[in-house]
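Hi,

Here is the structure I promised to pass on. Have a look at it first, then read on for my notes.

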Amino acid sequence: MNPLLQDFNTAPFSKIETKHYKPAIKKSIEIAKAEIDAIVQNTDAPTFENTTVALDFSGDKLSRITSIFFNLNSAETNDEIQKIAQEVSPWLSEFSNDITLNEELFKRVKSVFDDKENLDLTPEQKTLLDKQYKGFARNGANLNDADKTKLREIDAKLSKLSLQFGENVLAETNAFEMHLTNEEDVAGLPESVKEAASQQAKEQDKEGYIFTLQYPSYIPFLTYADNRELRKEMAIAAGKKAFQDNKFNNEKIVLEIVNLRQQRANLLGYKTHAHFVLEERMAISPEKVIDFSNNLLTKAKPAAKKEFENLEKFAKNLDGIDQLQKWDGAYYSEKLKKELFDLDQEILKPYFKLENVIDGVFEIANRLYDLNFKEVFNIDKYHEDVKTYNVTDNKGNFISVFYADYHPRKGKRNGAWMTSYKSQYIKNGVNERPHVSIVCNFTKPTATKPSLLTFNEVTTLFHEFGHALHGMLANTTYNSLSGTSVSWDFVELPSQVLENWCYEKEALKLFAKHYETGEIIPMKYVEKIKESASFHEGMQTLRQLSFGLLDMKWHSENPSAIKSIKEFENIAFGDTKLYPDVLDNAMSTSFSHIFQGGYAAGYYSYKWAEVLDADAFEYFLEKGIFSKEVATKFKENILSKGGTEKPMELYKRFRGKEPKPDALLKRAGLV
């Protein structure tokens, strides 16, 4: 019996073997095709119910199975799973094309769409119909047969290439390690970092310390290691991931991906991939994104240059360094920050024991949105590290299942993300509640210490939990409009807004307690955290804008003449460059957000959402950070509404007006 093909509520992880995936995906594609055929062959005239709604609910089994499979391909992968991913991805592209290029199906969808003025539809129903029609039109339904075939070929190639890209990055991340046995080489590193590196060495039966390109190892090394040559070695290794002369090189793949995306956009009648993508976003066009970015750049660049000059001066006075390099930035920033604010990340860490931070974010969710989290042990999980919770509201109603997976492993990709195993929707009068998950890479507990987070990791946890709230509090009828199924430049609002609570006294005293003494974080540290929040904000803003502008340059121009990724990047980074270039490093070959994740022509949305989040949080500050009035408005107009209406309409209903960048510039200390 294939557990994936049985009916299940929570994912049956312990029963699933790798051999189950392919047959289950194949079978669920057949089931989904039969559901589509039933819509097409219906002899009744097309209606909103028998066509639009039926189509939205089709493929449910397939999406449940593929969400399990692809989530594990990110969080708990191995060679076998990666091989299956390469095989099944083209099947799924093909199936997706089978739907959007199905002429008879499109005729029915178009017939309902053309009649929409005569139908008495709710705003959510209108959005669903509109989204569905555009889903066909924007994906080739109006093309001739030859072009439809071409589109299928492009989509199949793209799905394989982006998987290959991600596998290469993971392989390169895992391939590098720095083995140090000399105590002098680890000078400057905090005890907790050394302990983790020593544990890593012991696991491999080696003496000394092992450092890797996994973030909990790599970031502290660059921030604290006194040995400049070793920092350089580490930084260069990270910067040349998939940009080396070996089988994991991604240069060809990047060029293939951008050219295929351009061809696809042209085929569909768009000037570039960015024009295609942005038509359905809040930003609407590449021109608007580039204007938005350049506008922020004008404000941030003078501040960034000044910050950089001060940092360079500081490094020269301290260590006689004439030219600041990329591997010096984090190290001297940390030292300068310590001098200016007398704030050492290591002094803060004992106040941020992982379990306490989790309790804190739960308590904040309770005060704002009446949510309660109870850890349960009867829900199947894919790794022993995963924690599982039942989420209820104050009246005892079941809201969501919540999974949390906090520590790095060999089979887990870097970074942090939120995902889901089951969407929320209402069918046959039953409100099906969602199953939501967050995945992070925080330092593991050691023999002598629990998992203690840097302040940066605390904000990461809040960020992903903000996404999770968007998923958990979803309350829409149709699953394709539920939770985080919103326009991409709106999706970061719930996550980024929640980070603001990490800087507020009232919130910190709920969870920032010393793990040994129970002492609440001293308010002088809280003041320093707030003061230092805008430290080097000019440089940080420039860095974010540089990534967004690189993404836009890849996707808003015709890439066919690009031969060298390195030369292309040097041009793209022209206006945002502070550090000297490193010849054997490139960003794009490991820029997973845009070549493996969904951020192509969308990386700007982090900054875009920052404007929204600063503006939204200002409203909380006016009324109090635990204001039930503002929290209820945010829950009812943003968190529960998913993508049921245009984001700007939802935002204005919450805030009473359109957002302005003033709050962000003020918070960042740029005005």
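Below is what I found, going from the whole chain down to single residues.

One thing to keep in mind is that this is a predicted model.

**Overall picture**

The chain holds 27 helices and nine strands. Its C-alpha trace spans about 80 × 60 × 55 Å along the principal axes. For 671 residues, a compact globule would be expected to have a radius of gyration near 26 Å, and the 25 Å of this chain agrees with that. Buried residues account for 57% of the 671. Looking at contacts between residues at least 6 apart in sequence, 73% of them join residues at least 24 apart.

**The sheet**

Five strands make an open, mixed sheet, in the order S3-S4-S5-S9-S6. The edges are taken by S3 (371–375) and S6 (417–422); each has a single partner strand, so one side of each is left without a neighbour in the sheet. On average, neighbouring strands are turned by 25 degrees against each other, direction ignored.

Two of the pairings are worth a closer look. S4 (residues 387–393) and S5 (residues 398–405) run antiparallel and are joined by six bridges. In that pair, Thr-392 stands opposite Phe-398 of S5. S6 and S9 are antiparallel as well, with five bridges between them. There, Lys-422 has His-435 in S9 as its bridge partner. Although S6 is an edge strand, it is mostly covered, with five of its six residues buried.

Two helices lie across strands of the sheet. H3 (residues 60–75) lies across S5, S6 and S9 (435–439), and runs at about 150 degrees to S6. H16 (residues 354–369) lies across S3, S4 and S5, at about 145 degrees to S3.

**A helix pair**

H2 (residues 48–57) packs against H5 (residues 103–114) at an angle of about 115 degrees, and their axes are 10 Å apart. The crossing is left-handed. On the H2 side, the contact is made by Phe-48, Asn-50, Thr-51, Thr-52 and Leu-55, while H5 brings in Leu-105, Arg-108, Val-109 and Val-112. Sorted by class, that gives five nonpolar, three polar and one charged residues. For reading the H5 list, recall that an α-helix has 3.6 residues a turn, so residues three or four places apart point the same way.

**A covered helix**

H9 (residues 215–224) is another mostly covered element: eight of its 10 residues are buried. These are Pro-216, Ser-217, Tyr-218, Pro-220, Phe-221, Leu-222, Thr-223 and Tyr-224. What covers them includes two strands, S1 (177–180) and S2 (209–212), along with the helices H8 (191–203), H10 (228–239), H14 (329–341) and H15 (345–348).

**One histidine**

Finally, is His-20 buried or exposed? This residue belongs to H1 (residues 18–40). Its relative accessible area is 10%, and the cut-off for buried is under 20%, so His-20 counts as buried. Which residues does His-20 touch, leaving aside neighbours within four places in sequence? They are Met-1, Asn-2, Pro-3, Leu-4 and Lys-15.

That's the lot from me. Happy to chat once you have had a look.

Cheers

Methods. Residues numbered from 1 in each chain as written. Predicted model: local features only at pLDDT ≥ 70, side-chain atom pairs only at ≥ 80, totals over all residues. Heavy atoms only, no water. Pairing = 2+ DSSP bridges. Helix = DSSP H or I, 4+ residues; strand = E, 2+ residues; numbered from the N terminus. Axes fitted to C-alpha atoms, helices over the stretch in contact; angles between N-to-C directions. Contact = heavy atoms within 4.5 Å. Left-handed = near helix turned anticlockwise from the far one by under 90°. Nonpolar A, V, L, I, M, F, W, Y, C, P; charged D, E, K, R; others polar. Rg over C-alpha atoms; globule rule 2.2 N^0.38 Å. Buried < 20%, exposed > 50% of the residue type's maximum accessible area, 1.4 Å probe, protein only.
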